[in-house]
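Subject: Structure handover

Hello,

Here is the structure for your files. My notes on what was found in it follow below.

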Amino acid sequence: MAVLDWLVIAAYFVVMVLIGVYAKSKISDASDFYVAGGKLPAWLVGISHHMSGYSAAVFVGYAALAYTTGFAVYVWWALSITVACSIGAWLFAPRWPRLRRRLGIISPLEYLAKRFNVPTEQLLAWSGAALKVFDVAAKWVASAILLQVFAGLPIAWGILVVGGVTMVYSTIGGIWADVLTDLGQFVIQLVAAIAMLAIVMVKLGGVSSLWTMWDQLPEGHALPFNGDLTVWFFLAYCVISTLSYNGGTWNLAMRMISTENGAAARRSMIFSGVLYLIWPLVLFVPMWAAPLFLPDLADPEQSYALLAQQLLPAGLIGLVLAGMFSHTMAMTASDANAISSVVVRDIIPALRRDRGFLPERRELFMARLTTFLFITLSMGIALTADSFGGVLGLLIAWFGALVGPIAVPMLLGLLPAFRRSGSAAAITSWAVGLAVFALNKYVLAGPIDALGTASAQSITVATPVLCSIIVFIGYGFIRPAHSAEVDELVDSLGSDTPAAPTSAAAAAR
């Protein structure tokens, strides 16, 4: 990297910190810290929701898939998320801000205490929060690896730099800092990705290369489904994405909760879906063309980084690098915000003698403290990742297994059709989902692998979530739970008709 590249990266980090300082002026209580008091504009939430769905994996793992399988990576990843956003815009997104308006919630799990019961809320809160720290630790390592490849910076220093900057702006500025840095990162990516696209097209002979290059690429690269990225894997990922991008991934639920009302949340989700439909095409073109510039690459995961180093001038390399790891910073900052909200609003009140929320000023202090501690802990795990051996990867795998079973009661519990599925249905579906994952991984791994890589991936990914869905819905029919309070809550989420908050927190304030 040239001096100009280093200056670009340094300027990027400085701007991120300044955004955090600016965002601090907008925060007066925990509601502002976690959900901006419901004042985030729809267009900004849409961009933030879109950016929070990326990480360094796009430029490493997905770049490798683009190199080896071609267009299918867009169909599998971006198109499935577009489907998820389209479904969520009508079914799920509008209900999240309505929960804030009805119950005064500022945590994505907070409403579960009323929809099901406190034990259900605590089970999902503890199981999700405990393993999320390892998932975030892996993201710090991924960002540090990018810095090492581009700049030769030792991984430990990369973790400290990227994690430290994220810690500063997210601890100071809360969700305002998160969404504003997401906006800044979107602009950086816009400039860097368009520059990369333009240079690749010039090298390949102009705009016509967008459709002529496929004839020069390996056979099957122009197909919508190729290799392990089959139609069944796509359909399985549509189910996973629908749960994850509509709130099963807690930080994305926080984005929806932060909008003014259901109509604004719907607009933001539609905007995010449109971005997922269009923008990945810009990002993936250089990745698809990489075999023409870097044939027979031994490690396809390095394809995008090597292509950037080969084609881009000084300054733009630093911008591309900033854009690459800024995605991970966006995800980890929003993860920290979401986990902190669950700790402060779900876990801590359950541990207090009076079972009440913290006083307003103390709650804001704890919001910042838990954000700081979460990032510190995840960085510590990332710095000592080698000592965990295979344990770190195992825990990350188990977090992936938890996402679906946790998301099923969270999201289906919002819908009137499943109002009869109560706490027993929620807990049983969670347990069955984990049991099926464990069965696939430790008991049936051999027979599943014998079906072939593509079929094995589809079964491993889809069956735990599908079983959770079936159990949650089926339990409601077999042993329906009846509650007038639940009926009233679920029915109230169908429109934006104003209603006074009914939570204990709202009453106390």
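Over the ring of which residue does the charged end of Lys 26 sit? The ring belongs to Trp 176, and the charged end of Lys 26 is 4.7 Å from its centre. A second case of this kind involves Arg 345, which lies over the face of Phe 357 at 3.9 Å from the ring centre. Please keep in mind that this is a predicted model.

Overall shape

The protein has 23 helices and zero strands. Its radius of gyration is 22 Å, close to the 23 Å that the globule rule gives for 509 residues, so the protein is as compact as a globular protein of that length. The C-alpha trace spans about 65 × 55 × 45 Å along the principal axes. Of the 509 residues, 58% are buried. Among contacts with a separation of 6 or more, 85% are between residues 24 or more positions apart. The accessible surface comes to about 19,100 Å², and carbon and sulfur atoms account for 69% of that area.

Nonpolar core

In soluble globular proteins, nonpolar side chains tend to be buried together. Here the largest nonpolar core has 152 residues, and the members that touch the most others are Tyr 34, Trp 77, Trp 96, Leu 99, Tyr 111, Trp 250 and Trp 288. Helix 9, residues 155–204, supplies the largest share of this core, with 17 residues.

What does Trp 250 touch, leaving aside residues up to four places away in sequence? Its partners from the earlier part of the chain are Pro 108, Leu 109, Leu 124, Ala 125, Gly 128 and Ala 129. From the later part come Ala 338, Ile 339, Val 342, Ile 406 and Met 410.

Aromatic pairs

A pair of aromatic rings is described by the distance of the centres and the angle of the planes. There are 18 aromatic pairs in the structure. One of them joins Phe 71 and Trp 214, edge-to-face, at 6.3 Å centre to centre and with 85° between the planes. Phe 71 lies in the loop between helix 4 (61–69) and helix 5 (72–91), while Trp 214 lies in the loop between helix 10 (209–212) and helix 11 (231–248), so this pair ties together parts that are 143 residues apart in sequence. Phe 71 counts as partly exposed, at 22% relative accessibility. Trp 214 is buried, with a relative accessible area of 17%.

Another pair is formed by Trp 77 and Tyr 276: the ring centres are 5.9 Å apart and the planes are at 85°, so this pair is edge-to-face. It also links distant parts of the chain, since Trp 77 is in helix 5 and Tyr 276 is in helix 13 (residues 262–293), 199 residues apart. Both Trp 77 and Tyr 276 are buried.

The residues of these two pairs belong to one aromatic cluster. Its members are Tyr 62, Phe 71, Tyr 74, Trp 76, Trp 77, Trp 214, Phe 233, Tyr 237, Tyr 245, Tyr 276, Phe 284 and Trp 288.

Backbone angles

Most residues other than glycine have a negative phi, and most peptide bonds are trans. Ala 36 has a positive phi of about 55° although it is not a glycine. Ala 36 lies in the loop between helix 2 (30–35) and helix 3 (42–51). Is Ala 36 buried or exposed? At 1% relative accessibility, Ala 36 counts as buried.

Asp 296 is another non-glycine residue with a positive phi, near 55°. Asp 296 is placed in the loop between helix 13 and helix 14 (303–311). With a relative accessible area of 77%, Asp 296 is exposed.

Helix 22

Two residues of helix 22 can be placed against other parts of the chain. Asp 491 is in helix 22, residues 484–492, and is partly exposed, with a relative accessible area of 47%. The C-alpha atoms of Asp 491 and Pro 416 are separated by 6.6 Å, with their positions 75 residues apart along the chain. Ala 484 also lies in helix 22 and is exposed, with a relative accessible area of 64%. Ala 484 and Ala 333 are 151 residues apart in sequence, and their C-alpha atoms are 38 Å apart in space.

Regards

Notes
Residues are numbered from 1 along each chain as its sequence is written. This is a predicted model: local features need pLDDT of at least 70, side-chain atom pairs count only at pLDDT 80 or more; totals for chains, interfaces and linings use all residues. Side-chain values use heavy atoms; hydrogens and water are left out. A nonpolar core is a set of buried Ala, Val, Leu, Ile, Met, Phe, Trp, Tyr and Cys residues joined through side-chain atoms within 4.5 Å. Buried means under 20% relative accessible area, exposed over 50%, partly exposed in between (1.4 Å probe, protein chains only). Helices (H or I, at least four residues) and strands (E, at least two) are DSSP runs, numbered from the N terminus. Contact means heavy atoms within 4.5 Å. Rings of Phe, Tyr and Trp (its six-membered ring) pair if their centres lie within 6.5 Å; planes under 30 degrees apart count as stacked, over 60 as edge-to-face and the rest as tilted. A charge sits over a ring if NZ of Lys or CZ of Arg is within 6 Å of the ring centre and within 35 degrees of the ring normal. The radius of gyration is taken over C-alpha atoms; the globule rule is 2.2 Å times the number of residues to the power 0.38. Accessible areas come from the Shrake-Rupley method with a 1.4 Å probe; for residues, only the protein chains shown count as cover.
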